[in-house]
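Please look over this structure with an eye to its salt bridges, strand pairing and helix packing. A short report on selected sites is wanted.

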Amino acid sequence: MYPYYESDWSILPPEHNRRYSPGLTINNIKQVINETIETNILRKPSPTRLRELIRQIRAARTAAEERAVVNTECAYIRSTFRETDCIWKCRNMAKLLYIHMLGYPAHFGQMETLKLAASSKFTDKRIGYLGAMLLLDERQDVHVLLTNCLKNDLNNSTQFIVGTALCTLAAIASPEMARDLSHEIERLIASSNAFLRKKAILCAFRMVRRVPELMEEYIPKCSHFLNDKNHGILISTITLVTEMCEQSPVVLNYFKSSIPTLVRTLKTLIVSGYSPEHVVNGVSDPFLQVKILRLLRILGHGDTAQSEIMNDVLAQVATNTETNKNAGNAILYETVLTIMNVESENSLRVLAVNILGRFLLNSDKNIRFVGLLTLVRTVQRDMTAVQRHRITILECLTDSDSSIQKCAMELSFTLVNSQNIETIVRELLKYLETAEAEMKGTCSSRIVLAAEMYSPSIHWHLDVLLKVLTISGNNIRDDVIASTIQLISNSPPKEQSYISGKMWKSITNMNQLENRQPLVQVAVWTLGEYGESGSFDENELIDHYRQLLWAPQLSITTKQYILVSLAKISVRMEHCTANIQNIINAFRVHLNIDLQQRAVEFHQLFTSHNHLRAALLEKMPVLKISELTTSEYNSDFAGSAEPTSASSPSEESTPQKQVSNQDILLDLLGDSFGSGSSTSNTTTTPSPLQQSTPNEPPPATNTILDLLGLGGMDQSGSFTATVSPLPSGFGSPTEYSATTILVYSQDNIDIRFIVKKEGDHAVVTAKTTNNSLNMLEKFMLQVAVPKAFTIQMMVPSSTVMLPGESVVQDINVIRTNPAASSPLRMKVRFSYDIGNYSVMEQADVNDFPPDLFI
């Protein structure tokens with residue numbers, strides 16, 4: 001018998017070969033294979049395709065049905081992730097990513113993305129990297145496991161795999177990952193493959209944003225790439241250079257030498273012939289033109305010599321670009337912003353404003369909105385040129401789009417002066433009649449402020465306030481009521497008699513008073529103070545007061561005004577005292593405790609203390625408008641105001657006013673600092689509307705109580721990132737290296753201070769970036785320093801920030817006491833409006849370089 005395992009068993013005769021089976025033929029083998037395939041693959045239910053899943057979710061009629069579909073699919077996907085031999089991983093991951101984008105949890109797919117990214121198949125790797133970009137970020141510890149996979153793929157010989165890895169790295173790179181893979185990026189930037197070089201430069205842009213010190217490695221190569229003929233590489237390089245210039249003043253000064261190259265490239269795009277590869281709607285590569293204009297705007301800001309180089313090409317772009325398509329309008333928009341932000345010629349600024357004026361006449365609402373918004377941001381650069389388009393701006397108040405109306409309203413108030421106040425207010429009152437309720441409060445307050453600053457006469461001023469009270473109704477703010485009462489109190493007797501009659505007529509119709517209660521409050525106050533000078537029947541007046549007091553539609557606050565006014569009328573009209581007393585007595589048992597208390601107190605004046613009634617209810621003294629109200633409410637119009645006369649001797653000799661102003665300024669940065677005896681200097685960002693000319697220095701700093709001299713202040717969690725010195729030849733070795741300090745980074749707002757020393761003073765450039773998806777308006781920065789320093793805040797680049805944009809403002813810091821050894825510290829407070837909400841935040845900055853003033 002032959003052994004079971006024989007080396008040459010196959011040559012043995014069949015009767016001696018145990019492994020030979022007559023039934024194991026080719027047909028039997030095929031049958032076994034087919035049964036195996038049918039059992040393990042074909043009979044397994046095929047997963048739902050992504051297209052079918054989308055169709056099912058869209059067909060769901062309720063949120064519960066949608067959740068049921070999603071939960072069923074997620075359960076199936078989770079079960080397939082546990083299998084090792086599933087052939088549908090890509091399809092399941094694609095469905096999971098779609099579910100994630102709908103807002104449902106998909107965290108259980110994070111590890112699966114790493115497995116797919118590590119696969120050797122490009123189809124798996126592509127969907128794996130896409131999942132990593134959507135499901136992973138630096139807050140997830142899992143993303144660290146992707147570093148080695150990215151490094152391997154960055155060294156792959158297939159350009160598409162390398163490109164996919166570059167996209168993933170740019171999207172999810174943490175600072176640690178950026179430092180680990182920076183050498184691979186630097187190598188790929190020097191690649192001869194234009195496809196990889198372009199992606200590597202854009203990846204470097206994202207890495208520099210996360211880790212600013214890495215920019216040192218890319219500066220020499222960027223200078224060379226600005227001369228490249230490939231438009232994709234040019235756009236990528238300019239994007240990277242723009243980011244580096246915004247982060248480092250040293251890099252900004254270095255790349256100013258590249259302005260002639262950028263100007264030459266831009267001029268070539270304008271005059272070049274038709275190129276089907278780059279032309280969009282008849283415009284030669286608008287994307288590259290926009291990128292160049294943005295970089296020129298940064299390089300030429302505040303530099304007259306460099307701005308002179310680009311004046312000619314800016315004029316050519318502004319005059320030769322077609323406006324029939326959006327591509328041309330986009331270039332003109334960037335051209336206007338560049339002209340307004342560099343030190344351009346006056347004729348160029350007029351040309352830029354005229355372009356925005358043409359935007360306002362465009363039938364496209366988006367273009368009109370952009371034109372208005374840009375005028376709001378740049379109006380202070382050339383107020384005279386903008387005034388020429390005042391009629392067009394006022395016509396935008398009647399637009400059906402609320403966003404256009406709001407921008408037109410903001411711009412209209414900016415243009416107000418003593419010559420056009422009547423025209424603009426007349427149009428604004430028409431707008432107020434049809435404005436939304438939430439806008440009526442803002443508009444009415446600003447009309448009151450404009451009238452207070454520029455009213456041609458008291459008579460006109462009173463008429464405007466009465467119209468505002470009538471039109472705005474209950475949407476009016478309290479400051480309008482206070483301003484109206486103060487104006488009436490300060491008016492001459494003739495005007496007081498006039499407005500008393502007007503007020504009486506405005507409240508005679510009971511059907512309209514429910515929605516005009518602020519008007520009723522001002523009217524009854526006026527009649528209580530000056531009712532005896534009005535030409536109306538006294539008995540009719542008392543009867544109408546009785547109706548007002550018992551009217552259910554009037555609020556308790558309004559009835560409080562009426563009761564006090566009625567008591568005062570009893571002194572002005574003695575023969576009506578009995579009727580008035582009966583009306584007041586009826587409220588001694590009122591359910592509202594405040595009205596009941598007032599009625600009881602007034603009853604005592606009519607009975608037990610009648611001899612004191614006339615003295616207690618005499619006319620109020622003339623109300624003086626406090627300096628707080630003037631400076632706070634009129635800040636939007638102070639820049640256009642005409643020079644005021646010197647303060648009167650009585651005002652100068654009254655120390656109480658100076659003390660009150662000091663107390664008012666104590667609250668500049670909040671109440672949390674308490675009081676102290678030391679002094680400090682504080683400066684508030686000058687509103688663009690407060691500047692009479694662009695180069696006008698801000699007002700002198702005010703002396704207030706020391707906001708920084710107290711112990712126990714909270715230290716902000718800011719870090720200091722010093723830009724590494726440039727390679728030899730890129731800067732002077734004696735230059736003071738710029739320091740970047742993170743001041744605030746929350747709620748999608750990023751504020752950084754770029755500190756550099758210039759001579760005997762320091763320049764702090766405050767850069768505020770809007771990382772949210774909403775527009776920020778009325779941005780204002782306030783800064784306070786210890787008493788050993790003084791600061792001078794320059795005009796900000798803008799008060800409005802679109803998503804992704806930044807506002808830059810220079811702060812000059814001077815040490816007034818060289819003998820003092822105290823370091824520089826700052827308290828920063830900033831505020832802005834987002835939508836219908838006002839936000840105010842503050843932070844401490846204590847990380848200034850100790851050798852800044854040595």
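The report below takes salt bridges, then strands, then a helix pair, then one tyrosine. The model is predicted.

**Salt bridges**

The count comes to 25 salt bridges. Three of them are set out here.

| Salt bridge | Closest N to O distance |
|---|---|
| Lys95 with Glu73 | 2.5 Å |
| Asp153 with Lys125 | 3.2 Å |
| Lys767 with Glu246 | 3.3 Å |

Take the bridge between Lys95 and Glu73, with its closest N and O atoms 2.5 Å apart. It links distant parts of the chain: Lys95 belongs to helix α4 (residues 89-101) and Glu73 to helix α3 (residues 63-82), 22 residues apart. Both Lys95 and Glu73 are buried.

The salt bridge of Asp153 with Lys125 comes next. Here too, distant parts of the chain are linked: Asp153 sits in helix α7 (residues 146-154), Lys125 in helix α6 (residues 122-135), and their positions lie 28 residues apart. Asp153 has a relative accessible area of 5%, so it is buried. Lys125 is also at 5% relative accessibility and therefore counts as buried.

How far apart in sequence are the parts that Lys767 and Glu246 tie together? The salt bridge joins their side chains at 3.3 Å, N to O. Lys767 lies in strand β8 (residues 761-770) and Glu246 in helix α13 (residues 231-247), so the pair ties together parts that are 521 residues apart in sequence. Are the two partners buried or exposed? Lys767 is buried, because its relative accessible area is 10%, under the 20% cut-off. Glu246 is at 26%, so it is partly exposed.

Salt bridges can also share partners. Glu410, Arg446, Lys778 and Asp833 are joined into one network in this way. In general, side chains of opposite charge can pair when their charged atoms come close.

**Strands**

Strand β8, which holds Lys767, pairs with strand β11 (residues 806-815). The sense is antiparallel, over eight bridges. Within this pairing, Ala762 stands opposite Val813 in β11.

Strand β10 (residues 789-793) also runs antiparallel to β11, and five bridges join the two. Which residue of β11 is the bridge partner of Ile791? It is Val813. Val813 thus appears in both pairings: it faces Ala762 and partners Ile791.

**A helix pair**

Helix α19 (residues 346-360) packs with helix α20 (residues 365-378). The angle is about 145 degrees, and the axes are 7 Å apart. Their crossing is left-handed. From α19, the contact is made by Val353, Leu356, Phe359 and Leu360. From α20, it is made by Ile367, Arg368, Gly371, Leu372, Thr374, Leu375 and Thr378. What is the make-up of this contact? Seven of its residues are nonpolar, three are polar and one is charged.

**Tyr431**

Tyr431 is found in helix α24 (residues 421-434). Its relative accessibility is 3%, so Tyr431 counts as buried. Which residues does Tyr431 touch, leaving out those up to four places away in sequence? They are Leu397, Gln405, Met409, Met439 and Cys443. Cys443 is twelve residues from Tyr431 along the chain, and their C-alpha atoms are separated by 9.1 Å.

Methods
Residues numbered from 1 in each chain as written. Predicted model: local features only at pLDDT ≥ 70, side-chain atom pairs only at ≥ 80, totals over all residues. Heavy atoms only, no water. Helix = DSSP H or I, 4+ residues; strand = E, 2+ residues; numbered from the N terminus. Buried < 20%, exposed > 50% of the residue type's maximum accessible area, 1.4 Å probe, protein only. Contact = heavy atoms within 4.5 Å. Salt bridge = Lys/Arg side-chain N within 4 Å of Asp/Glu carboxyl O. Pairing = 2+ DSSP bridges. Axes fitted to C-alpha atoms, helices over the stretch in contact; angles between N-to-C directions. Left-handed = near helix turned anticlockwise from the far one by under 90°. Nonpolar A, V, L, I, M, F, W, Y, C, P; charged D, E, K, R; others polar.
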